[in-house]
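Hello,

Here is the structure I promised to pass on. Please open it first, then read my notes below.

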Amino acid sequence: MRRLFTFLSMAVIIVSCGPTQQEYDTLLAQKQELETEVLNLKQVIENYENTPDRLYSEVSELVANKDIESLSALCSKFEKYHPASAECQKAKSEYLRSEERRVGK
């Protein structure tokens with residue numbers, strides 16, 4: 001009888017030690033939110049790691065392919081992450097020239 005009482009007491013203690021289902025669901029939702037935030041921050045870090053010269057290396061290819069939309073997106077990245085760089089100014093110039101050629105046709 002004593003063993004049964006000890007066993008039941010231990011079982012109750014073990015079961016009551018864990019979080020409730022509501023706490024578990026809340027923690028799971030927080031975990032998913034944090035994972036999403038980590039992915040977003042990794043993308044921001046990756047954009048800052050793209051040095052201006054690395055980004056600018058794509059400009060000539062985009063101009064040659066007449067891909068104005070991608071060139072515009074690249075200029076936006078320059079504006080956001082490296083606005084004071086010389087490459088930013090060069091990329092803007094290339095974009096404006098490409099736009100003038102497109103409109104001039």
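**The aromatic pair**

Searching the whole structure turns up one aromatic pair. Its members are tyrosine 48 and tyrosine 81, arranged edge-to-face. Their ring centres are 4.7 Å apart, and the planes meet at 85 degrees. An angle over 60 degrees counts as edge-to-face, so this label applies. The pair links distant parts of the chain. Tyrosine 48 belongs to helix 2, which covers residues 21–49. Tyrosine 81 belongs to helix 5, which covers residues 68–81. In sequence, the two are 33 residues apart. Keep in mind that this is a predicted model.

Are these two tyrosines buried or exposed? Tyrosine 81 has a relative accessibility of 11%. The cut-off for buried is under 20%, so tyrosine 81 counts as buried. Tyrosine 48 has a relative accessible area of 46%, which makes it partly exposed.

**Histidine 82**

Now look at histidine 82. Where does histidine 82 lie? You will find it in the loop between helix 5 and helix 6, and helix 6 spans 86–104. Its relative accessible area is 14%, so histidine 82 is buried too.

What does histidine 82 touch, once neighbours within four places in sequence are set aside? Its contacts are Asn47, Tyr48, Asn50, Thr51, Pro52, Leu55, Lys77 and Cys88. Note that Tyr48, a member of the aromatic pair, is on that list.

**The whole chain**

Step back to the full protein chain. It has six helices and zero strands. Along the sequence, the pattern reads α-α-α-α-α-α. The radius of gyration is 28 Å, while the globule rule gives 13 Å for 105 residues. The value is well over the rule, so the chain is more spread out than a compact globule. The C-alpha atoms fill a box of roughly 95 × 25 × 20 Å along the principal axes.

How much of the chain is buried? Buried residues are 19% of the 105. The chain exposes about 8,500 Å², and carbon and sulfur atoms supply 58% of that area.

Next, contacts with a separation of 6 or more. Of these, 56% join residues 24 or more positions apart.

Last, charge. The chain carries 14 positive and 17 negative side chains. The centres of the two sets lie 3 Å apart.

Start with the tyrosine pair when you look through the model.

Best wishes

Notes. Residues numbered from 1 in each chain as written. Predicted model: local features only at pLDDT ≥ 70, side-chain atom pairs only at ≥ 80, totals over all residues. Heavy atoms only, no water. Helix = DSSP H or I, 4+ residues; strand = E, 2+ residues; numbered from the N terminus. Rg over C-alpha atoms; globule rule 2.2 N^0.38 Å. Buried < 20%, exposed > 50% of the residue type's maximum accessible area, 1.4 Å probe, protein only. Contact = heavy atoms within 4.5 Å. Areas by Shrake-Rupley, 256 points an atom, 1.4 Å probe, with all protein chains shown as cover. Lys, Arg positive; Asp, Glu negative; His and termini not counted. Charge placed at Lys NZ, Arg CZ, Asp CG, Glu CD. Phe/Tyr/Trp six-rings, centres within 6.5 Å; stacked < 30°, edge-to-face > 60°.
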